[in-house]
Amino acid sequence: MFKNRAIVFILLTLLIDAIGIGIVFPIMPDLMNRVGAGDTGQGAFWGGLLMAAYAGALFLCGPIVGSISDAVGRRPILITALVMLALDYAIMAMADSFWLLLLGRTLAGLAGATYITATAYIADISSPQEKAANFGLIGAAFGIGFVLGPAVGGIAAEISIAAPFWIAAVLSASNALFGYFALPESLASDKRRAFGKRDLNPFKSILDAFRLPGLAVPLLCIFIFEFANMVYPTLWAFWTREVFDWPTLYIGLSLAAYGVLLALVQGGLMPIFIRWIGDFRTLMLGMISALIGMIGFGFTGSVVALIIFLVLAALSDLVPALITAMASNQVNEDRQGVVQGVIASLSSVAAVLSPLVMTGLFQNSVDAIGFYFPGAPFLFAAVLVLLMMPLVIRLRGYASV
């Protein structure tokens, strides 16, 4: 009974985290307009800064939050994070200045770093035979949240721009109360460890991992691809508003459809492709899909073409999972946790830097003074994918099939 209740709480927490990430995407142009961030190009730039602040807080605080939970227990960290999320959503709902939004997104990044703590909680209460299935539930919760978030954001924004945030605030606060009264601690006091200075450095593990034999190429590929692929969540709302003049509802529903496509690719098509053509050819399929999709979005002005290229963009999500598996094949079992942590950190660094670069390009490409070409960031992303092709070809020997 205790274990089932705890798992339900953790899954709800992660679901709310994912909804909170996705709920902002479709309403970002209207949100920037509310705080006077300027036209679409300027709004995209300031929106990119918000995304970078979230990812930066997540990157810097993720290892720290995880280490604190090892020292004081999981329960207080998880409940505190939910309270912080509720506060963040309330700030976002009422903010009338960019700096308040920035504060709210930074708080959300701090709270979002509890993914590590939530995963550790599941590990604490799961037997070795249960871990794979329970970690699969974590992935499912996040996937559902990434579908629901944009849909809730797009639909609720039809009521008011603040409505999605108030919905998320109520969800977070309710789950915090549920956890306070129903969630037991999972980490016994005799299994806790002291919090030290080494726990404050998120960069050390990245540098150490690049020094391990065989890891430099896949890690570099993951970073470049994640940097390029961030063009979608960063600019989708602003690009569709600029090119198609879509309202928030259409933006939210299209992002939700993209989430469904990602789930189909990851959960359904990827195992089939791997069985039919092997790891490396499936990786190349993802790379080619990414390249064609990004070039297509760079030039398209048709909704029909957009739908076709959206499918290709979803197929490109084959790439990170396969490169991650190839990196994992290069190290022993006692290094698996380190490698997965470093991959997550590299993805976070890409999520800090890419929005700043992509929104800057977009702003310059839609500025009335310069050359009008709103698809420029997608073509830049395509160039990055093309340049990493020689590195990807070197991964042929890393594949398990």
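**Burial and surface.** I began with burial in this predicted model, and found that buried residues account for 54% of the 401 residues in the chain. I then looked up the accessible surface, which comes to about 17,200 Å² for the chain, with 70% of that area belonging to carbon and sulfur atoms.

**Secondary structure and contacts.** I noted 17 helices and zero strands for the chain. Turning to contacts between residues at least 6 apart in sequence, I found that 82% of them join residues at least 24 apart.

**Confidence.** I checked the pLDDT before going into local detail, and the chain averages 82, with 84% of the residues scoring at least 70. Among the elements of the chain, I recorded the lowest mean pLDDT, 69, for helix 9 (residues 204-210), and the highest, 97, for helix 16 (residues 376-387). I keep in mind that predicted coordinates should not be read in detail where pLDDT is low.

**Aromatic pairs.** I counted 19 aromatic pairs. One that I looked at is formed by Trp239 and Phe297, whose rings are edge-to-face, with 5.5 Å from centre to centre and 90° between the planes. This pair links distant parts of the chain, since Trp239 belongs to helix 11 (residues 231-244) and Phe297 to helix 12 (residues 248-299), with the two positions 58 residues apart in the numbering. I also looked up the burial of the two partners, and both Trp239 and Phe297 are buried. Both residues belong to one aromatic cluster, which I list in full as Tyr232, Trp236, Trp239, Phe244, Trp246, Tyr250, Tyr258, Phe297, Phe309 and Phe378.

**Helix 14.** I asked myself how many residues of helix 14 (residues 318-328) are buried. The helix is mostly covered, for nine of its eleven residues are buried. I wrote down the buried residues of helix 14 as Leu318, Val319, Pro320, Leu322, Ile323, Thr324, Met326, Ala327 and Ser328.

**Val72.** I located Val72 in helix 3, which spans residues 40-72. Why does Val72 count as partly exposed? Its relative accessibility is 41%, and because that value lies between the 20% under which a residue is buried and the 50% over which a residue is exposed, Val72 is placed in the partly exposed class. I also took the distance from Val72 to Glu185, and the two residues are 10.0 Å apart in space, C-alpha to C-alpha, while being 113 residues apart in sequence.

Methods: Residues numbered from 1 in each chain as written. Predicted model: local features only at pLDDT ≥ 70, side-chain atom pairs only at ≥ 80, totals over all residues. Heavy atoms only, no water. Helix = DSSP H or I, 4+ residues; strand = E, 2+ residues; numbered from the N terminus. Buried < 20%, exposed > 50% of the residue type's maximum accessible area, 1.4 Å probe, protein only. Contact = heavy atoms within 4.5 Å. Areas by Shrake-Rupley, 256 points an atom, 1.4 Å probe, with all protein chains shown as cover. Phe/Tyr/Trp six-rings, centres within 6.5 Å; stacked < 30°, edge-to-face > 60°. pLDDT = per-residue confidence, 0-100.
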